[in-house]
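Student: I've got a new model open and I'd like to learn how to read it properly. Where do we start?

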Amino acid sequence: MADASPKFRTPDLLPAAPAGELRVSHDGLDFWQFMVAGSVAGIVEHTAMFPVDTLKTRMQAGSPPCQPRVGLRQVFRSVLRHEGPLGLYRGLAAMGLGAGPAHAVYFSVYEVSKELLSQGNPNNPVAHASSGVVATVASDAVFTPMDTVKQRLQLKSSPYKGLADCVGRVLREEGIRAFYASYRTTVLMNAPFTAVHFATYEAAKRGLTEVSPDSANDEQLVVHATAGAAAGALAAVVTTPLDVVKTQLQCQGVCGCDRFSSSSIREVIRTIIRREGYTGLMSGWKPRMLFHAPAAAICWSTYEASKSFFQRFNERKTLS
């Protein structure tokens with residue numbers, strides 16, 4: 001995704017890409033290396049934070065007044081009491097199948113877009129935000145079907161036995177369109193989320209690097225983690241209302257959740273406001289922020305570490 005400050009790079013030492021091979025020159029990596037780094041980062045991030053994601057889904061998918069909203073602590077205790085610790089990981093397989101490919105697309109598209117849009121200026125926030133939006137549209141097309149399956153499996157008293165059963169039943173009973181019922185909402189949510197996230201991350205990383213430029217190389221992991229956490233927390237809170245709409249669309253008709261006549265965001269928002277008031281649109285903001293702050297720190301740190309590994313690998317390969 002984002003690269004370290006240019007003054008700490010030595011691009012002239014990196015080999016040129018062979019003819020016909022796609023390489024983003026500012027980091028000296030092949031396209032497939034960005035994809036692998038992104039895939040590893042996505043799987044590590046979502047696996048580490050999956051229990052928090054389960055709690056968020058439970059909080060957002062309730063259907064008051066029949067099932068009044070409950071707090072984060074209550075949901076956590078309920079899952080442990082009735083399902084045990086493994087209940088927090090229900091749907092993990094679906095997440096793995098979706099997050100790996102989706103993050104591979106996400107990071108690689110971001111890197112290529114940033115190189116094309118930045119026009120030689122590595123500190124261009126508009127290029128960072130725009131590249132993030134382009135990457136989001138592409139990756140959401142890959143992740144949304146498995147995200148729908150994941151969320152349905154995460155529900156309390158989910159009627160599905162597992163990943164295969166959920167996919168099969170949704171296809172038979174609702175058709176393939178059900179997997180993409182929330183795609184438009186997901187893109188509309190993740191576009192501003194990503195724009196805020198990437199712009200905040202790049203600005204925070206640059207600011208932290210400038211505070212102590214002499215130790216920037218030694219403290220890169222701390223810089224990436226801190227900047228990522230700040231960016232993730234801010235973007236998560238800002239986009240919570242659309243995340244609530246996404247969850248409602250993905251879980252509609254399951255475990256007592258409302259079913260909607262269309263995938264209209266306006267219809268879902270009106271239903272939530274009529275049922276719970278405006279506070280219903282912020283349901284789950286605490287676990288969402290608790291998810292995205294450390295998740296972003298984990299994701300950025302893992303991604304940057306993977307990129308550094310591939311850079312060293314390329315250098316050794318050239319020297320040998």
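Tutor: Start with pLDDT, which is the predictor's confidence in each residue, from 0 to 100. You need that here, as this is a predicted model.

Student: Over which residues does pLDDT stay under 50?

Tutor: The general idea comes first: where pLDDT is low, the predicted coordinates should not be read in detail. In this structure, pLDDT stays under 50 over residues 1-26. The model still has 64 contacts beyond four places in sequence for that stretch. By element, strand β1 (residues 23-24) has the lowest confidence, with a mean of 46, while helix α5 (residues 163-174) has the highest, at 95. Over the protein chain the average pLDDT is 82, and 86% of the residues score at least 70.

Student: OK, and the fold? How many helices and strands are there in the protein chain?

Tutor: Ten helices and two strands. Along the sequence the pattern is β-β-α-α-α-α-α-α-α-α-α-α. Of the contacts with a separation of 6 or more, 77% are between residues 24 or more positions apart. As for burial, 51% of the 320 residues count as buried.

Student: Let's try a helix pair. At what angle do α4 and α8 pack?

Tutor: For a pair like this, look at the angle, the axis distance and the residues that meet. Helix α4 (residues 125-154) packs against helix α8 (residues 240-250) at about 80°, and their axes are 9 Å apart. An angle of 65 to 115 degrees counts as roughly perpendicular, so α4 is roughly perpendicular to α8. On the α4 side you'll find Thr144, Asp147, Thr148, Gln151 and Arg152, which meet Lys246, Thr247 and Gln250 of α8. The contact has no nonpolar residues, five polar and three charged.

Student: What about leucine 249, is it buried or exposed?

Tutor: Leucine 249 lies in helix α8 and is buried, with a relative accessible area of 1%. Leaving out residues up to four places away in sequence, leucine 249 touches Ala181, Ser182, Thr185, Phe260, Ser262, Ser263 and Val268. Take valine 268: its C-alpha is 7.9 Å from that of leucine 249, with the two positions 19 residues apart in sequence terms.

Student: Last one: why is there no bond between the sulfurs of cysteine 166 and cysteine 251?

Tutor: A disulfide is a covalent bond between the sulfur atoms of two cysteines. The cut-off here is sulfur atoms within 2.5 Å. The closest cysteine sulfur to that of cysteine 166 is in cysteine 251, 9.5 Å away, so they are too far apart for a bond. Cysteine 166 is buried, at 0% relative accessible area, and cysteine 251 is buried at 0%. A search of the whole structure finds zero disulfides.

Methods
Residues numbered from 1 in each chain as written. Predicted model: local features only at pLDDT ≥ 70, side-chain atom pairs only at ≥ 80, totals over all residues. Heavy atoms only, no water. Axes fitted to C-alpha atoms, helices over the stretch in contact; angles between N-to-C directions. Helix = DSSP H or I, 4+ residues; strand = E, 2+ residues; numbered from the N terminus. Parallel < 35°, antiparallel > 145°, perpendicular 65-115°, else oblique. Contact = heavy atoms within 4.5 Å. Nonpolar A, V, L, I, M, F, W, Y, C, P; charged D, E, K, R; others polar. Buried < 20%, exposed > 50% of the residue type's maximum accessible area, 1.4 Å probe, protein only.
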